[in-house]
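Work through the exercises below with the sequence and the structure in view. Each task is followed by a solution in steps.

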Number of protein chains: 2
Amino acid sequence: MARAKSARTDDSEKRPSLVDDAYAAMKLAIRNSDFAPGYQASEQEIALRLGMSRTPVHEAAIRLQEDGLVRVLPRRGILICAIAPEDMREIYDVIIALEGQAAELVAGLPETERLRAADELAAHTDTMASAQIDGDLPAWGAADEGFHRALVEQAGNGRLIRIMQTINDQSHRARMLTLRLRQELDASVTEHRRVIDAIREADAAGAHRYAREHRIRARNNLLPLLENFGLRHL
Amino acid sequence: MARAKSARTDDSEKRPSLVDDAYAAMKLAIRNSDFAPGYQASEQEIALRLGMSRTPVHEAAIRLQEDGLVRVLPRRGILICAIAPEDMREIYDVIIALEGQAAELVAGLPETERLRAADELAAHTDTMASAQIDGDLPAWGAADEGFHRALVEQAGNGRLIRIMQTINDQSHRARMLTLRLRQELDASVTEHRRVIDAIREADAAGAHRYAREHRIRARNNLLPLLENFGLRHL
DNA sequence: GCTTACCAGCTTCCATGCAAGTTGCAACGG
DNA sequence: CCGTTGCAACTTGCATGGAAGCTGGTAAGC
């Protein structure tokens with residue numbers, strides 16, 4: 001891993017800065033639950049672990065706080081945020097609204113791009129279908145994530161992309177945890193294809209509605225799971 | 001609640017930190033165009049002006065960059081971001097989606113809160129109507145802003161509120177500039193009332209659609225204004 | 001036994017120093 | 001006269017130290 005590219009806004013080409021490294025490393029650690037939610041780390045400790053001084057860690061923590069992944073407690077350390085069912089409800093409200101909008105935008109693209117976008121979305125969905133047959137849940141999850149990311153990215157709205165990225169980072173752990181509990185994998189494939197068809201036909205309203213309904217159904221499946229399993233925070 | 005505090009995430013009560021001061025001051029300066037877009041300031045200079053050292057200014061700049069208000073150029077200073085018509089298109093996509101969702105959520109509230117919310121929204125709209133009669137454009141703009149902020153806040157979704165806050169900060173200057181150019185003030189009042197009525201009747205779908213259509217029409221009015229006036233960046 | 005006050009240790013906040021990178025201009029060579 | 005090179009000034013990146021604040025445990029007092 002010579003280059004931990006990225007994680008920045010998006011356009012600045014490349015600049016290997018310690019702050020960026022710290023940001024990427026901490027974000028990854030949170031994603032993988034190396035930093036468990038509720039864990040309270042000191043900047044000193046993280047700095048030591050990453051082999052840098054406290055300053056870049058501190059600045060990365062500010063960014064992560066802005067992303068809603070951690071909270072910097074005034075003089076007590078960095079608290080890894082937990083996600084409660086209530087948070088997931090909030091997150092889904094945002095996803096439902098923005099992904100519907102994204103689907104509508106993609107359906108409104110000029111024909112060439114629109115069909116190319118539809119093909120990419122179809123590819124992800126096909127991967128989901130075969131992963132389901134193989135019983136490969138992680139692959140299914142990755143392809144599902146790919147579909148939704150592609151849908152938003154094809155909309156070509158940088159702010160939309162950024163917001164969805166942030167909200168996805170927040171809910172990533174919950175999605176991973178509940179992946180194995182979900183029973184309605186084929187419904188997702190069917191619904192994805194409905195969205196794709198609407199996009200192909202430039203049916204903006206339909207694409208919006210189908211994408212929206214897909215996410216609403218997913219939420220209605222997921223929220224009870226979280227609450228029944230007593231996952232107060234994860 | 002008379003609370004001018006703020007600018008922080010939301011829940012931490014109060015802590016007068018220099019970073020917060022710097023963040024608030026810079027944000028305000030950008031809002032008021034004391035820092036004009038395109039202006040490139042050095043952290044040193046801002047630190048001097050605010051009577052603090054570079055560190056808190058630097059950290060505040062990171063937050064502002066996360067908010068999309070400035071760009072921190074690697075070793076050249078802080079650049080105040082300009083807003084192009086293309087940015088406004090992006091911003092409106094987000095607003096259209098999220099405010100529609102917010103209206104739907106408000107319409108889904110239990111009756112007591114729902115009616116209280118509707119009353120508050122109606123108050124703002126009434127203020128707009130009378131400001132229009134008086135020809136008081138700034139008051140009209142403030143009441144309009146109040147309506148939309150209240151709509152989002154009543155939805156009770158912290159993430160929604162935060163995102164809309166950020167996006168509003170980005171577009172504030174553009175709204176101020178174009179306020180005097182807009183001719184369709186009464187349409188806004190009518191459309192607001194349509195949303196309010198739907199909320200009163202717990203008509204979630206209607207509230208969503210009307211709020212959405214209101215913002216779509218506003219966008220279709222605003223974008224040509226920006227482009228015809230050759231406002232490449234503002 | 002229970003409450004309260006205090007203190008030691010830990011943590012961040014912020015100022016500042018040094019080094020590295022960028023810019024613009026001036027001087028030099030063609 | 002024009003293009004190029006080098007230098008000087010200025011900028012931030014990052015490290016580090018001192019100061020202030022918070023926490024938890026302990027000991028004193030009731």
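**Exercise 1. Describe the surface near DNA strand C: its classes of residue, its nearest residues and the elements behind it.**

Solution. The model is a predicted one.
- Step 1: sort the residues by class. The surface near DNA strand C has 8 nonpolar, 7 polar and 5 charged residues.
- Step 2: look for the nearest of them. Out of 20 residues around this strand, Ser42(A), Glu43(A), Leu18(B), Ser53(B) and Thr55(B) come nearest.
- Step 3: assign elements. Two or more residues each come from α2 (43-50) and β3 (77-80) of chain A, and from α1 (18-31) and α3 (54-66) of chain B.
- Step 4: find the main contributor. α3(B) gives the most, with 3 residues.

**Exercise 2. Carry out the analysis for DNA strand D.**

Solution.
- Step 1: DNA strand D is surrounded by 20 residues, and the closest are Leu18(A), Ser53(A), Thr55(A), Ser42(B) and Glu43(B).
- Step 2: the elements giving two or more residues are α1 (18-31) and α3 of chain A, with α2 (43-50) and β3 (77-80) of chain B.
- Step 3: α3(A) supplies the largest share, 3 residues.
- Step 4: by class, the surface near DNA strand D holds 8 nonpolar, 7 polar and 5 charged residues.

**Exercise 3. State how chain A is related to chain B, and describe where they touch.**

Solution.
- Step 1: superpose the chains. A turn of 180° with a shift of 0.0 Å along the axis lays chain A on chain B with an RMSD of 0.0 Å. The two copies are therefore related as by a two-fold rotation axis.
- Step 2: locate the axis. Within chain A, Ala97(A) comes closest to the rotation axis, its C-alpha at 2.7 Å.
- Step 3: count the contact. Chain A gives 21 residues and chain B gives 21 residues.
- Step 4: assign the side of chain A that touches chain B. At least two residues each come from α3 (54-66), α4 (85-107) and α7 (158-179) of chain A. The largest share, 10 residues, is from α4(A). By class, this side divides into 10 nonpolar, 4 polar and 7 charged residues.
- Step 5: compare the two sides. Because 100% of the interface residues of chain A are also interface residues in chain B, the copies meet through the same surface.

**Exercise 4. Check the length of helix α5 of chain B and say what covers its buried residues.**

Solution.
- Step 1: the helix takes in residues 111-134, which makes 24 residues. The expected span is 1.5 Å times one less than the number of residues, so 34 Å should result. The end C-alpha atoms are 34 Å apart, which agrees.
- Step 2: list the buried residues. They are Ala117(B), Ala118(B), Leu121(B), His124(B), Thr125(B), Met128(B) and Ala131(B).
- Step 3: find the cover. It includes α4 (85-107), α6 (137-154) and α8 (185-200) of chain B.
- Step 4: look past the end of the helix. Just after α5(B), Gly135(B) takes a positive phi of about 70°.

**Exercise 5. Is Ala202(A) buried, exposed or partly exposed, and where does Ala202(A) lie?**

Solution.
- Step 1: Ala202(A) lies in the loop between α8 (185-200) and α9 (204-228) of chain A.
- Step 2: there are 16 C-beta neighbours inside 10 Å, so Ala202(A) counts as partly exposed.
- Step 3: the phi of Ala202(A) is near 60°, a positive value in a residue other than glycine. Most residues other than glycine have a negative phi.

Notes: Residues are numbered from 1 along each chain as its sequence is written. Chains are lettered from A and ligands numbered from 1 in the order in which they are written. This is a predicted model: local features need pLDDT of at least 70, side-chain atom pairs count only at pLDDT 80 or more; totals for chains, interfaces and linings use all residues. Two residues are in contact if their C-beta atoms, placed from the backbone, lie within 7 Å. Helices (H or I, at least four residues) and strands (E, at least two) are DSSP runs, numbered from the N terminus. Ala, Val, Leu, Ile, Met, Phe, Trp, Tyr, Cys and Pro count as nonpolar, Asp, Glu, Lys and Arg as charged, and the others, Gly among them, as polar. A residue is near a molecule or strand if its C-beta atom, placed from the backbone, lies within 6 Å of it. Copies are superposed by least squares on the C-alpha atoms of residues with pLDDT of at least 70 in both. A residue is buried if 20 or more other C-beta atoms lie within 10 Å of its own, exposed if 12 or fewer, and partly exposed in between; C-beta atoms are placed from the backbone.
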